[in-house]
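Let's take a quick look at the aromatic rings in this one. Pull up the model and follow along.

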Amino acid sequence: MKFHDTYARRTPFELAFPDAHRLEELIASVAEEAEQLGVDTRNRGAFMMLGSVGSLLRELQPPEAGPETFQEYGAMAFHAFHFHRAGRPLFLVSTALARHLVEEEPGAGGVVPADLDAPGPAGYVQMPRNLFWMRPAPGSPAEPVDGLFWSLAGREVLHLLLALGLRDDRPGLAAVIVPEVPWTDAPHWLSAQMRATGRDFATTLPGGELDGLYSIETAGEALKLVARLFRYVTALPESVESHAPVQEERESVSPSALPFARVDHRA
């Protein structure tokens, strides 16, 4: 199986908010209301209670969405808000680096986990296409992981949201919320065993090992992957290369219209 990592693909942010002008209006209204009420928008619960966020959710939710999806779409709105305000930082992880992050222990290859820092207060990390798989809910079919949003609340609390099942041949996506965690715990995620049994990231797809696929079965594995990526970027900033968006449509994978930074493995 081939894995796409040459240019950034269309992101969940762009799929959810195709009208950039309308999004600017919504973001401004949320920020204005939060300031008037003294609400810290970095607190996801408080953010979702704002009246203006209701308008944001109505733009985001499809008409058929039920009330049970409120948390999922509310988390997407929260991350879209912070992603936009942070300047829409988009990081594309190469296949070689993704495999290194999974297979290598921290400290291997001369990269030491002495420092671990996020590359910004919020952003989106796009993984190689169809390399990582996850079930949106227990018992549901596994979907490919497109990537994950992160947001740091005062460098104290980390919020993560995984985006699954993005495909050009169908609308929508699935979102998996990772419960918020203290950012100060991040160094412990680097080497922690996150599954109760079995090796972290081992594929649970039939025949997945033949293609070298990975599965994310626990929230801890998502945290581990993020911590290892951030540690790698902190230790090797030269692994990050900025790119302009691809200007023309491609037949295989639709490109993102956003500038992106490709993060590659430096042997």
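Keep in mind that this is a predicted model. Counting ring pairs with centres within 6.5 Å, you end up with 11 aromatic pairs. One of them is Phe83 with Phe149, an edge-to-face pair with 5.7 Å centre to centre and 80° between the planes. Phe83 sits in helix H5 (residues 70-85) and Phe149 in strand S4 (residues 143-153), so this contact ties together parts that are 66 residues apart in sequence.

Are these two rings buried or exposed? Phe83 has a relative accessibility of 1%, and because the cut-off for buried is under 20%, Phe83 counts as buried. Phe149 also comes out at 1%, so Phe149 is buried by that cut-off.

Strand S4 shows up again in another pair: Trp150 is in strand S4, while its partner Phe230 is in helix H8 (residues 219-235). Trp150 and Phe230 are edge-to-face too, at 5.1 Å centre to centre with 70° between the planes. That pair links distant parts of the chain, 80 residues apart. As for accessibility, Trp150 is buried at 1%, and Phe230 is buried with a relative accessible area of 1%.

Here are the two pairs together:

| Pair | Centre to centre | Angle between planes |
|---|---|---|
| Phe83 and Phe149 | 5.7 Å | 80° |
| Trp150 and Phe230 | 5.1 Å | 70° |

And which residues share a cluster with Phe83 and Phe149? Those would be Phe13, Phe17 and Tyr124, which join Phe83 and Phe149 in one aromatic cluster.

Technical notes: Residues are numbered from 1 along each chain as its sequence is written. This is a predicted model: local features need pLDDT of at least 70, side-chain atom pairs count only at pLDDT 80 or more; totals for chains, interfaces and linings use all residues. Side-chain values use heavy atoms; hydrogens and water are left out. Rings of Phe, Tyr and Trp (its six-membered ring) pair if their centres lie within 6.5 Å; planes under 30 degrees apart count as stacked, over 60 as edge-to-face and the rest as tilted. Helices (H or I, at least four residues) and strands (E, at least two) are DSSP runs, numbered from the N terminus. Buried means under 20% relative accessible area, exposed over 50%, partly exposed in between (1.4 Å probe, protein chains only).
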